[in-house]
Amino acid sequence: SYIYTSFTPMGFIVPYFVFSIFNIEVTLKNLAIFNFLLGSLVSIILFFLLFKTLRYIGNEKYTAYMGAFSGSLISIFSKEVLQSQGLVYWSQSLYQVVLVLTFYFLFLYLRSYKTRFQQTNEYALLFFIFLGALTEWTGYILGIGLSVLFWFGFCQYKNKQLAIKLILSLSLAGLI
C-alpha cells in the first residue's frame, strides 16, 4: 500500500488525535473510514454554504435546496474526489473541510460587511486561513489571494487591515 506522506504535520496529528480519542487502531481500513467521514463533513458544510448563497442571491427556497443538494452530490461522486482523494491523500481530505469552512466564513464576512457580526466572521475567517495553511500548502495560496483581493478591493470590499491580518495569520502558520 502506497500512502503519500509529503505534507505538513497537521495531516498526521489530526488523524492520530482522532484515533487516540476514540481508541481506534491505526490501519488502512480505519484511515479510509476517517477519509469517508471527512468527505461527508465537507458535503454537509458545502450544502449549507450553497443553500445560503443561493438564497442570498434571491432563489426560491426549493430551488436553493435542490441546487445545494446537487452541488453536494457532485462533491461526493465526482471523478476527481473518487480517484484522487481518500486513503492516499488524507491530508487533502482534511484540508477540504478547512477550505469549505473558509469559504463559508468568507461568505458570512462579506454578507455581514459593516454590521455588528463582521468582526466575529473576520476572526473565524482568519482562524480557518491559519488552519488551512497549517494543513496544506494550498492554504497559503488561498490566504495570499484573499489578501490581494482585500488590499486592492473588489466590488465594495476593500479592507487593507484585513489583508494585513491575513498575511500575519499565514506567517504565524509558517512559523509554527
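## Aromatic contacts, a surface patch and a salt bridge

Phe69 is found in helix H3. The model described here is a predicted one. With a relative accessible area of 37%, Phe69 counts as partly exposed, because the partly exposed class lies between the limits of 20% and 50%.

Phe69 belongs to two groupings. It is one member of an aromatic cluster that also contains Phe47, Phe48, Phe51 and Tyr65. It is also part of a nonpolar patch on the surface, together with Tyr62, Tyr65, Met66, Leu73, Ile76 and Phe77. The residues of this patch have about 700 Å² of accessible area together. Tyr65, which is likewise named in the cluster and in the patch, is partly exposed, with a relative accessible area of 40%.

The next topic is the pairing of aromatic rings. A pair of aromatic rings is described by the distance of the centres and the angle of the planes. In this model the count comes to 10 aromatic pairs. One of them joins Phe47 and Tyr65: the ring centres are 5.7 Å apart and the planes stand at 75°, so the pair is edge-to-face. The pair links distant parts of the chain, since Phe47 lies in helix H2 (residues 28-56) and Tyr65 in helix H3 (residues 61-77), 18 residues apart.

Tyr56 and Phe107 form another aromatic pair, also edge-to-face, with 5.7 Å from centre to centre and 90° between the planes. Tyr56 is located in helix H2 and Phe107 in helix H5 (residues 90-111), so this pair ties together parts that are 51 residues apart in sequence. Phe107 is buried, its relative accessible area being 13%; this follows because the buried class covers values under 20%.

A contact of another kind is the salt bridge. The model has 1 salt bridge. It is formed by Glu122 and Lys165, whose closest N and O atoms are 2.7 Å apart. This pair, too, links distant parts of the chain: Glu122 is in helix H6 (residues 118-135) and Lys165 in helix H8 (residues 160-175), 43 residues apart.

Are the two partners of the salt bridge buried or partly exposed? Glu122 is buried, with a relative accessible area of 8%, whereas Lys165 is partly exposed at 34%.

The table collects the accessibility of residues discussed above.

| Residue | Relative accessible area | Class |
|---|---|---|
| Tyr65 | 40% | partly exposed |
| Phe69 | 37% | partly exposed |
| Phe107 | 13% | buried |
| Glu122 | 8% | buried |
| Lys165 | 34% | partly exposed |

Note on methods:
Residues are numbered from 1 along each chain as its sequence is written. This is a predicted model: local features need pLDDT of at least 70, side-chain atom pairs count only at pLDDT 80 or more; totals for chains, interfaces and linings use all residues. Side-chain values use heavy atoms; hydrogens and water are left out. Rings of Phe, Tyr and Trp (its six-membered ring) pair if their centres lie within 6.5 Å; planes under 30 degrees apart count as stacked, over 60 as edge-to-face and the rest as tilted. Helices (H or I, at least four residues) and strands (E, at least two) are DSSP runs, numbered from the N terminus. Buried means under 20% relative accessible area, exposed over 50%, partly exposed in between (1.4 Å probe, protein chains only). A salt bridge is a side-chain nitrogen of Lys or Arg within 4 Å of a carboxyl oxygen of Asp or Glu. Patches are made of residues with over 30% relative accessible area and no salt bridge: like charges are joined within 9 Å, nonpolar side chains (Val, Leu, Ile, Met, Phe, Trp, Tyr) within 5 Å. Accessible areas come from the Shrake-Rupley method with a 1.4 Å probe; for residues, only the protein chains shown count as cover.
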